[in-house]
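I opened this model to look up unusual backbone geometry in its loops and a cluster of charge on its surface. My entries follow.

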Amino acid sequence: MVPDKFRFSDLVVVIADDSPIVISSLKSMLIKLGIVDRNLYIAKTAKEVVYYSAKIKFDVYISDYNFGKGINGKQLFEELVHINAIENDTVFIMITAENSAFAIRAIIELKPDEYLLKPFNIITLKSRISSAIRRKKILHNLYAYEKQKNYDDGITLCNELLPLYPEYYFLIEKFRASFLSLIELHQNARDVYENILNKKQFNWAKIGLANEMGKSGNLEEATVLIDDMLKITPEDVSVRMGAANIRLLNDDIPRAIAELEIASKLVPGNSERELVIVNLCLSKSEFATALDRYDLYIKINRDTYRDGVYSKLNHIRVLLYACKNNENKGVLINEAKAILAQVRTHYDKDIHDEIELLLAHIALETSNYKLAMSIINKVYNENSLSHFYGVYHLAWLLNELCYESEFCHVIKRLNLLLDRNQSSAIILSSKIVMESELVKLNEKKLSFLRNEHRHIKTSISDAKELLKIYLKIKEKCPYIKSVNVNIIKLLSRCWPERKSAPDVIRLIEFSDRFIRHTLDTDELEIIEYEKIYEQAFSKCKEHINSEQYG
């Protein structure tokens, strides 16, 4: 199999640190270990490391956690993964002078191959590098199968490696349980985690066991296990993340959000976690919180690979979602327009329909209903959206507009975009929740409309009661043509309960604008719209006069 020995002189190493003293000390130790000077690179910023990595294949990265200005060691690691610089046998070692619980938690969550607390000596450095390289060389095919999503061959390799390398028993079995779970053999994965726990009580194995319990339908058992862990280790971020996953399996989204928010307080700056919180808040229509968390997501990811056009598109979407029932939506719309102007300066045909949809949403929020519906119909018919968040946006708008048939078709498309094999299970879970909660929202709306339609049938001869029902419908579903037409008709005959003249004027203005934007001239003539509009407005004037002089 893999030789246990390697030569330090063969290694290509980069030191990433902004401290001249640390760089000098590390360089001296590495040269004493046998690293050849020409194979040793120095970078004082994370950007320098990324620049070198585009040209050079490094065997070992030794990176500081905190560079001061710019992106930190955690973000550097993510950048390197993104550009495929971290290969299956590459070693990434994090070093830090901070020994606070906060710093250690942050590094542990990152899961580097090794980490070292400053100061350290040459013996410790040699030991950590040697053990990490040996482990990565022996297990590099497991990492490769994981990356390739080749889980069946990964399980077979676990069987081959285990008798040869018993010192890596727990790590190999961790891979095996993960692979079994990913091919949905949850009972088998559960058995592996239970065998691990019979030998040693690892938190990661308990979390894995709880997840497999939940996925195989034993949610009560999973909840008891994860709650017991929270009592013992409330500040363990991995336990909080495991708890969030169990809450999602229990369909308890508010508690899942709460667990994730606690995890973010324990270890701030996790991009993936912030995005999951945003997704879950959107799923529950908590738009203000979603916007706050997305602002934080943007701040965390400034100057990283995530700080691109799709991040900006999502930012605009969240701003526009937050406009719903928001008295200060003018500020949000202006911010959305400003970001959209930036995006459009870097026009890309791949995002054409996503931009069009954003323009439609802005048009909807600024009462340009004809334009909004025209664009939405065009985007729907072209059927060229290919990203989850863009298709979700279209489905959300269709639900708002009560385009029920189109909504059903787009939800099917959205479901197809859920990549069950994507690398982040928690992001996948949050997207599944977004889709399922939007469907529930639509079903709840349809149930409400069916119920109100029954009330309309029983109140057909009572104009005041009919107006009350239509106003109730409009409050929840403002963009239905027939509802707005009937409101104008009924306002020409009677006055709504507990409404002042200014309230009624606003009602007439909204419905009138919507009707004129969505009905053509022939349709308006057929229903004699101008006549009923004038009658409704005259009725309002009469009421104003009676209030002034009565």
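For the loops I first noted how elements are assigned: helices (H or I, at least four residues) and strands (E, at least two) are DSSP runs, numbered from the N terminus. I kept in mind that this is a predicted model, where local features need pLDDT of at least 70, side-chain atom pairs count only at pLDDT 80 or more, and totals for chains, interfaces and linings use all residues. Residues are numbered from 1 along each chain as its sequence is written, and side-chain values use heavy atoms, with hydrogens and water left out.

I looked up Pro 119 in the loop between strand S5 (114-117) and helix H5 (122-148), and found that the peptide bond leading into it from Lys 118 is cis, with omega near -5°.

Next I checked phi. Asp 251, in the loop between helix H11 (237-249) and helix H12 (253-266), has a positive phi near 60° without being a glycine. Ser 367, also not a glycine, has a positive phi of about 70°, and it sits in the loop between helix H17 (352-365) and helix H18 (369-382). I noted for comparison that most residues other than glycine have a negative phi, and most peptide bonds are trans.

For exposure I used relative accessible area (buried under 20%, exposed over 50%, partly exposed in between; 1.4 Å probe, protein chains only). Asp 251 counts as partly exposed because its relative accessibility is 44%, and Ser 367 counts as partly exposed because its value is 23%.

Last, I placed Asp 520 in the loop between helix H24 (501-518) and helix H25 (521-526); at 41% relative accessibility, Asp 520 is partly exposed.
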